[in-house]
Amino acid sequence: MSISIYTQVYNTKQFLPQCIESVLSQTYQDFEYILIDNGSTDGCKEILEEYARQDSRIRLICFEENRVAPIWMEIAQNSGTGRYLTVLDSDDWWEPNYLESLIGFLEKNNLDLAVTGTANYFQEAQRSQVMRQLDEPVVFNRRQFARQYFKYWTFPSTVWATVMKADLFQKADFSDIITEKLSNGSDTICMLKYMALCARIGIDNTVLYHYRIRQKQVSRQYNPRRFVSNTYVYEEIKGFLTQNSAFDAAKQKWRNVVYLNLLQMTLSLLGESDLPDGEKLEECSRIVLHPYTAAALADHSAEGNQVLNQVWNILFRAEDPVCPHIETIVSALCPKCGRAVTGENLPLFTRELGLAAALRQDDSDHLAAALLDLIEAKRYTKQYDLGEMVCALAQDKPLLTQLKDVGFLRKYRAVYWKIWQGSILEALDDMTGMLLENQVRSSEEAFLQLYLSAAAYLEQVPAFLFGKTQLAGLYQRRNQLEQYQAIVDELKEMGVEEW
């Protein structure tokens, strides 16, 4: 037998006859066709059984329950009589000369892997569009191909639309794909492992494979193993390039882009899934916190921004304010601003675009200023603890770490902001003037405590003593005699007898 064809089937009854007929009507007829029913429940099994009765080249393997792993891969490594092998998805189809053209291309150029172009067929729109096609065929040895992999990688990123040598395929180690049950993304991992054994690789300039895109296909549904597959692809790309002395800084950047593109699809499906908020956010947290994700996002690429937008969309749509993963994700994405965000106050960021923009940019200055604007305008102060949020942002500003009273922040915003920006001496002068002119009539104790902290920080002894006397006077007026006496005693110890 010249070639073994593998089609794994799961609930594609509507498209299955076109798939099988495209094989049986090939101009090249020396093949065996191994059809694998992966626990279909829609009547596919009966269709497969009928075709198997009609054509002796068809070998039918049935599983009663659906299995997540790519079963065909394990079967192809342990059975099959063809010199070559190829794969056809059960909702796709071939041009009639698919086998004749690809096998001829492989044998003419002494290849271990032959690849053809692909046309996407959009089921809902019922239209086709060429997805990948070269102007001219290319043939490389493995090392040459590794150096050019970033240009051509989409062609051998799927097991379908390729013809491989069966003996090489059986030597490859696909155990991690099978044991980890890597379904989505397993094609790229499989091809990288296979290409590591190839001597020569070629891509034809034909378009012989039709790939059907439909909303309910398995590859477009969220699977928690999808992200695991993303990380395996990231690792395998580096392994393949390194093995062939083709990995460098430029390839690393490109590898990050590939990984981020994979994450975009993963996050898109996650966001559209019916998972409860808690599970969505747990998955999102797992993705965001992974070191590969951090490394890829560090390039600050357009693809990275798209990934971040998808994460934010998932976060902002969440309706579970007590989910712990919200704060974990935000803190990872925004180390400075994230400390001001909780599940309870996250809805505020969906209402105020300025807050959301500052948060996404991790700009604590702009976020604090925007929150102070809301406090000054007396907006949201009853629904959210805006003072606590500003205080959280000020954790690296020692003089401000205890100030959270919205009344103080509203009344003395100008002084507060000067200290925030590091103009502490200017702020101290302003505060001295306000005290001398008797302009401090609310939040007096907080004002004086800040004044004393600023004076101590700047080692301004006269200002510090002045502040102490002002605070003692406040306690005396309030009849807080214990606090008053403590300051009097402190001033005496400092040698201030009259004040």
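This passage walks through the overall shape, the nonpolar cores, one enclosed helix and one pocket of the protein.

The structure is a predicted model, in which local features need pLDDT of at least 70, side-chain atom pairs count only at pLDDT 80 or more, and totals for chains, interfaces and linings use all residues. Residues are numbered from 1 along each chain as its sequence is written, and side-chain values use heavy atoms, with hydrogens and water left out.

To begin with the overall shape, the C-alpha trace spans about 110 × 45 × 35 Å along its principal axes. The radius of gyration is 33 Å, whereas a compact globule of 499 residues would have one near 23 Å (taken over C-alpha atoms; the globule rule is 2.2 Å times the number of residues to the power 0.38). The secondary structure comprises 25 helices and 10 strands (DSSP runs numbered from the N terminus: H or I of at least four residues for helices, E of at least two for strands). Of the 499 residues, 52% are buried (under 20% relative accessible area, with a 1.4 Å probe and protein chains only).

Turning to the interior, the largest nonpolar core holds 90 residues, of which Leu 315, Phe 349, Leu 386 and Tyr 416 touch the most other members (a core is a set of buried Ala, Val, Leu, Ile, Met, Phe, Trp, Tyr and Cys residues joined through side-chain atoms within 4.5 Å). Helix H18 gives the most to this core, with 8 residues. A second, separate core of 49 residues includes Val 87, Val 159, Ile 177 and Val 233.

Tyr 416 also belongs to the buried part of helix H21, together with Arg 413, Val 415, Trp 417, Ile 419 and Trp 420. Because 6 of the 8 residues of H21 (residues 413–420) are buried, this helix is largely enclosed by the rest of the structure. Its buried residues pack against helices H18 (364–376), H19 (386–393), H20 (406–411), H22 (424–436) and H23 (444–458) (contact means heavy atoms within 4.5 Å). Just after H21, Gly 422 takes a positive phi of about 95°.

Finally, there is a pocket to look at. Helices H13 (291–297), H14 (302–317) and H15 (324–333) each supply at least two residues of the lining of the second largest pocket, and H14 gives the most, with 5 residues.

Methods
Buried < 20%, exposed > 50% of the residue type's maximum accessible area, 1.4 Å probe, protein only.
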